[in-house]
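Colleague: I am new to reading models like this one, and I would like a close look at a single part of it. Could you start from that spot and then lead me through the surroundings, explaining each term as you go?

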Amino acid sequence: MAVSPDGKFLYINSGSRTDHGEVENNRGNFQNVREVPITSAILRVPTDAENLILPNDEAGLQPYLFADGTRNSFDPEFAPNGELLAGENGPDADYPDELNWLREGKHYGFPWRFGQQDNPQQFPDYDSSKDKRLQQDFTAVQIGAYRTDPTFPKAPGAFTDPVANNGPAGAQYRADDGSAHDAAKENKPLYSLTPHRSPLGLVFATDAKMPADLRGEGDNLSAFLLSWGAAGGTLTDRGQDLLHLKLTREGDNYSAVTTQIARGFKNPIDAVLIENRLYVLEFSGDSTIWELTFQ
């Protein structure tokens, strides 16, 4: 959740109920149910609301629906210029995790698209046995959630792209033929991050005590982003690190230069930036809090 800078609204990440838009019947309790109106969305409610009940139907939810098509946008955060951004965890397949500039009325593609890549299960000729992005150590793959799916719903219309990541960090991807690549080394953007990094702990840097090259100004934003780390898969970028993002407006979106600042964390889950000190909380058995000082 995130509170708007003027304190008038609460923005809520309502995560998806599916991995990639498949039917999830919860042991037969929800026959033929995929996503529902209240899931995979960013909701906005007044902070002065009392006894507010959010209905799970499109018409009733419409006044509170800020953005749609977000799979699971952990840690939404307002930038100093008032714009809302959030990382997004991708599915149990080798498709990019995302960083999105969240705007009212936009649709961010889930479950029809991950990054800028189509979810192949929406197409009637999909054959999971030939899908080179599936790794057997992921739950959705093990239970057969990737399958021929002729009743997959049609896409609703145009989608909004994630932030373009120009690297050099967090820019690995899996090609259609199963080969592993680094988009930054190929001099092209990735939309947005290496699969399964699980981006968390987004914070923006503006304080005068931060070094000048790590401070943002206006629409040029400076941010830090943690990675919980890959829970599986075979790409060599396993995350569990801290990235610095230099975000620049390009047209109607942002692009990022992404640099690794620190590594070797154990499932870092959140961060707070106070002046020039960044506090990182780990979710490991030791529950460590790290202090990183920038000078």
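Where is S192 found, in terms of the strands that come before and after it?

Modeller: Happy to help! S192 is found in the loop between strand 12 (180-182) and strand 13 (199-204). Helices and strands here are DSSP runs (H or I over at least four residues for a helix, E over at least two for a strand), numbered from the N terminus.

A word on what you are looking at. This is a predicted model, in which local features need pLDDT of at least 70 and side-chain atom pairs count only at pLDDT 80 or more, while totals for chains, interfaces and linings use all residues. Residues are numbered from 1 along each chain as its sequence is written, and side-chain values use heavy atoms, with hydrogens and water left out.

Now back to your loop. The peptide bond that leads from Y191 into S192 is cis, with omega near 15°. The loop between strand 12 and strand 13 also holds S198, which is not a glycine and yet has a positive phi of about 55°. As a general rule, most residues other than glycine have a negative phi, and most peptide bonds are trans. S198 counts as buried because its relative accessibility is 16%; buried means under 20% relative accessible area, exposed means over 50%, and partly exposed is in between (1.4 Å probe, protein chains only).

Both features turn up elsewhere too. The bond from G167 to P168 is cis, with omega near 10°, and P168 lies in strand 10 (residues 164-168). N51, which is not a glycine, has a positive phi near 55°. You will find N51 in the loop between strand 3 (41-46) and helix 1 (58-61). With a relative accessible area of 78%, N51 is exposed, whereas S198 is buried.

Next, the aromatic rings. The model holds 9 aromatic pairs. Rings of Phe, Tyr and Trp (its six-membered ring) pair if their centres lie within 6.5 Å; planes under 30 degrees apart count as stacked, over 60 as edge-to-face and the rest as tilted. One of these pairs is Y11 with F78: the ring centres are 5.3 Å apart and the planes meet at 75°, so the pair is edge-to-face. It links distant parts of the chain, with Y11 in strand 2 (residues 9-14) and F78 in strand 5 (residues 77-78), 67 residues apart. Y11 counts as buried because its relative accessibility is 8%, and F78 is buried as well, at 16%. Y95 and F114 form a tilted pair, 5.3 Å centre to centre with 40° between the planes. Here Y95 sits in the loop between strand 6 (84-88) and strand 7 (98-102), while F114 is in strand 8 (residues 113-114), 19 residues apart. Y95 is buried at 3% relative accessibility, and F114 is buried at 4%. Ring pairs also join Y11, F66 and F78 into a cluster.

Charged groups meet rings as well. A charge sits over a ring if NZ of Lys or CZ of Arg is within 6 Å of the ring centre and within 35 degrees of the ring normal. The charged end of R17 is over the ring of F30, 5.6 Å from its centre, and R44 lies over the face of F9, at 5.1 Å from the ring centre.

R17 appears again around E35, a residue in the loop between strand 2 and strand 3. Leaving out residues up to four places away in sequence, E35 touches S16, R17, T18, S40 and F110; contact means heavy atoms within 4.5 Å. The C-alpha atoms of E35 and S16 are 6.7 Å apart, although 19 residues separate the two along the chain.

Let us finish with a sheet. Strands of a sheet pair through backbone hydrogen bonds, either parallel or antiparallel. In this model, 3 strands form an open, antiparallel sheet in the order 17-18-19, where two strands pair if DSSP finds at least two bridges between them. Strand 17 (268-274) and strand 19 (289-293) are the edges, each pairing on one side only. The twist averages 20° from one strand to the next, with axes fitted as lines to C-alpha atoms and angles running from 0 to 180 degrees between N-to-C directions. Strand 18 (residues 277-282) and strand 19 share 5 bridges, and the bridge partner of L281 in strand 19 is I289.
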